[in-house]
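Please look over the sequence and the model before reading on. The paragraphs below go through burial, charged pairs, helix packing and a patch on the surface.

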Amino acid sequence: MEKLVSYPISIIYYLSFLLTLVIFHPIQWVCFTIFGYQAHKKSVDYLNFFLVGCTRLLGTRWTFQNRERIPQNVPLIFVANHQSLYDIIGIIWFLRAHHAKFVSKKELGSGIPSVSYNLRRGGSVLIDRKDPKQALPTIKGLSEYIEKHNRTAVIFPEGTRSKTGIPKKFSENGLKILCKYAPNALIVPITINNSWKMTKFGMFPLGLGNNLHYTIHEPMAVSDYDFPTLFEKTELAVTGSIHNL
């Protein structure tokens, strides 16, 4: 029944979603070209505010637990499990104070209104997952960027989305580079639950009435641990709170 009801609602949702992306593409261009980083950042924040609003059409609720744990004005590395594109929308809007920058696959860097422009201009980095020689120095550049500007790198160590919510094994390579070249950063493990249910039927129709729940775990200073210990503690924090309700 949910799937049947979702067909017309999903059509309305996608029309709203795509219209929002199209409207904000020139807004981003104007903000970045004329007014610079801060104005562009604000335009991206409100783009994602409206994208979150679009999901309300699907009956989606958003819950962020323990946001007060995240420190201000220090370089951060958000490490989260990955279940759908809605993971990203939530982080950008609800954690907007921390200037999140993403490690994304290069395919997202062109052809998508608003999204591709932000990835190219907003401080995120695009990597070719088939070419480690390109990926590692690119991530190194992001590390140095967050270290210099007290901003936040976001990495999904699973590499690809989990379509069932069950976490995949974490890869250490990208996180290791981030930690090495941002030694003053704090790692903030984040567990995301129920995001996969948005696309449990595929991209169309979409799941209805889901509560996307983000749990912020205790931050850990990169300098306080050797990397193997830090990696293990981070993975356990993230995966230990994943559930499939």
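A residue is called buried when its relative accessible area is under 20%, exposed when that area is over 50%, and partly exposed in between. By this rule Arg69 is partly exposed, because its relative accessible area is 33%. The model is a predicted one, and residues are numbered from 1 along the chain as its sequence is written.

Arg69 is a useful place to start, since its side chain meets that of Glu218 in a salt bridge, with 3.6 Å from N to O. Where do the two partners lie in the chain? Glu218 is in the loop between strand E7 and strand E8 (220-221), while Arg69 is in the loop between strand E1 (61-65) and strand E2 (76-80), so the salt bridge ties together parts that are 149 residues apart in sequence. Side chains of opposite charge can pair when their charged atoms come close.

How many salt bridges does a search of the whole structure find? The search finds five. Another of them joins Lys200 to Glu2, and here the closest N and O atoms are 3.1 Å apart. This pair also links distant parts of the chain: Lys200 sits in the loop between strand E6 (186-193) and strand E7 (211-216), Glu2 belongs to helix H1, and 198 residues separate them. Lys200 has 35% relative accessibility and therefore counts as partly exposed. Glu2 is partly exposed too, because its relative accessible area is 29%.

A further salt bridge is formed by Asp128 and Lys106, whose closest N and O atoms are 3.3 Å apart. Asp128 is in the loop between strand E4 (125-127) and helix H5, and Lys106 is in the loop between strand E3 (100-105) and helix H4 (115-121); the two are 22 residues apart. Are these partners buried or exposed, fully or partly? Asp128 counts as buried because its relative accessibility is 17%, whereas Lys106 is partly exposed, with a relative accessible area of 43%.

The next topic is how helices pack. The axes of helix H5 (residues 132-149) and helix H6 (residues 173-181) come within 8 Å and cross at roughly 40°. That angle makes H5 oblique to H6, and their crossing is right-handed. H6 also packs with helix H7 (residues 227-239), at an angle of about 125° and with the axes 11 Å apart. H6 and H7 are therefore oblique to each other. The crossing of H6 and H7 is right-handed as well.

One residue of helix H6 is Leu178. Is Leu178 buried or exposed? Its relative accessibility is 0%, so Leu178 counts as buried. Leu178 and Ala153 are 25 residues apart in sequence, and their C-alpha atoms are 8.1 Å apart in space.

Another leucine gives a contrast. Leu15 lies in helix H1, which covers residues 2-35. Leu15 has 58% relative accessibility and so counts as exposed. Which residues make up the nonpolar surface patch that includes Leu15? The patch is made by Met1, Leu4, Val5, Tyr7, Ile11, Leu15, Met203 and Phe204, and its area is about 840 Å². Helix H1 thus appears twice in this account: Leu15 is one of its residues, and Glu2, the partner of Lys200, is another.

Key: This is a predicted model: local features need pLDDT of at least 70, side-chain atom pairs count only at pLDDT 80 or more; totals for chains, interfaces and linings use all residues. Side-chain values use heavy atoms; hydrogens and water are left out. Patches are made of residues with over 30% relative accessible area and no salt bridge: like charges are joined within 9 Å, nonpolar side chains (Val, Leu, Ile, Met, Phe, Trp, Tyr) within 5 Å. Accessible areas come from the Shrake-Rupley method with a 1.4 Å probe; for residues, only the protein chains shown count as cover. A salt bridge is a side-chain nitrogen of Lys or Arg within 4 Å of a carboxyl oxygen of Asp or Glu. Helices (H or I, at least four residues) and strands (E, at least two) are DSSP runs, numbered from the N terminus. Buried means under 20% relative accessible area, exposed over 50%, partly exposed in between (1.4 Å probe, protein chains only). Axes are lines fitted to C-alpha atoms, for helices over the stretch in contact, and angles run from 0 to 180 degrees between N-to-C directions. Angles under 35 degrees count as roughly parallel, over 145 as roughly antiparallel, 65 to 115 as roughly perpendicular and the rest as oblique. A crossing is left-handed if the near helix is turned anticlockwise from the far one by less than a right angle, and right-handed if clockwise.
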